[in-house]
Amino acid sequence: MEELYDQYRALLFTLAYQLTGSAADAEDAVQDVFFKACDVHPERLGEPKAYLCKMVTNRCLDLQKSARRRREVYVGPWLPEPLRTPEADTLEAVVRRDLLSYAMLVLLERLTPTERAVFVLREALGFDYPEIAELLGKRETNCRMLMSRARSKMGISEEEPVAAEAVELEWVSRFLTSLEQGNVDHVLSLLSEDVMLVTDGGGKVIAATGPIQTRDKMARILAGAFEGIKPQGSLHSEFAPLNGETGIVLRSGDETVAAIFLQRRRGKFDRIYVVRNPDKLNRV
């Protein structure tokens, strides 16, 4: 079992994290599955990858039910927990290869747990439809329908690729410099007409209680945010590899106070996600 754990831990964590949006829940799911797998007869583990993925998927479907109830009373928008993904040869680096973009994780919240499972298994981990059908105990045609429905809910056409437009370090640097200098006009020049800002404070720190979709208001909020979120001392910003992309981490002293994700479309930033809930910043 130790050999299986070493071989499949990264894959199972990647699957569980994208099914739940929570690294903590993903770790718990993987640990639970391997604990239960110790009691499984070796003959049933003839195809360990498929068997373990099925166990993790079922465990995460159960977790999603309770998570949805918790999010009904969550204060403000709920965003996935950020995950640091360095390039080094570590578990995180292995996970990075099969991660959907952060913006895609946000869109996954629109789906039912089963639709989400089909989408992640297909688009993130590359499973074929017959394999997905076997894992979920459904017909292949049903899985294809669930996938089509998922894409529709997420606003992604059948022909449109899932991979998000890459945001180069230069673009993130320009954005960050404009914020640090309070240059509202330059911040505006980087934003699309239909840009949206979503902040997640979880009711524990100052954050907007709903999405902000007015460009001028958003630019001024962002440009003034560096003063507004200083708990103590000076605020320090840095680039960081988060969820397989370049993110921005804000720190005040030794405390991490925010993780920022930028999504670009047609040369402009159209989605900005700011995670401020301290419970979600432990892995940043």
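So, the largest pocket: 28 residues line it, and the ones nearest its centre are Ala 103, Leu 107, Gln 263, Arg 265 and Tyr 273. Bear in mind that this is a predicted model. The volume of that pocket comes out at about 560 Å³.

What's the lining made of? By class, we've got 17 nonpolar residues, eight charged and three polar.

Okay, and where do those residues come from? Four elements each put in at least two: helix H5, which is 102–108, and then strands E1 at 191–200, E4 at 255–265 and E5 at 268–275. H5 gives the largest share, with four residues.

Let me stay on E4 for a bit, since two of those central names, Gln 263 and Arg 265, fall in its range. Is E4 mostly covered or mostly open? Mostly covered: of its 11 residues, nine are buried.

Now its neighbours. On one hand there's E3, residues 245–252, which pairs with E4 in the antiparallel sense over five bridges. If you want a spot to click on, Val 249 has Ala 259 in E4 as its bridge partner. The two strands make a hairpin with two residues between them, and Gly 253 in that turn has a positive phi, about 65°.

Then there's E5. It runs antiparallel to E4, and seven bridges join them. Here you can look at Arg 264, which stands opposite Phe 269 in E5. E4 and E5 form a hairpin as well, again with two residues between the strands, and in this turn it's Arg 266 that has the positive phi, about 55°.

One reminder while you're looking at side chains: in a regular strand they alternate between the two faces of the sheet.

Terms used
Residues are numbered from 1 along each chain as its sequence is written. This is a predicted model: local features need pLDDT of at least 70, side-chain atom pairs count only at pLDDT 80 or more; totals for chains, interfaces and linings use all residues. Side-chain values use heavy atoms; hydrogens and water are left out. On a 1 Å grid over the protein atoms alone, a cavity is a set of points where a 1.4 Å probe fits but cannot get out, and a pocket is an open set with protein on both sides within 12 Å along at least five of seven lines; lining residues have an atom within 4 Å of a point. Grid points are joined across faces, edges and corners, and a volume is the space filled by probe spheres set on the points. Ala, Val, Leu, Ile, Met, Phe, Trp, Tyr, Cys and Pro count as nonpolar, Asp, Glu, Lys and Arg as charged, and the others, Gly among them, as polar. Buried means under 20% relative accessible area, exposed over 50%, partly exposed in between (1.4 Å probe, protein chains only). Two strands pair if DSSP finds at least two bridges between them.
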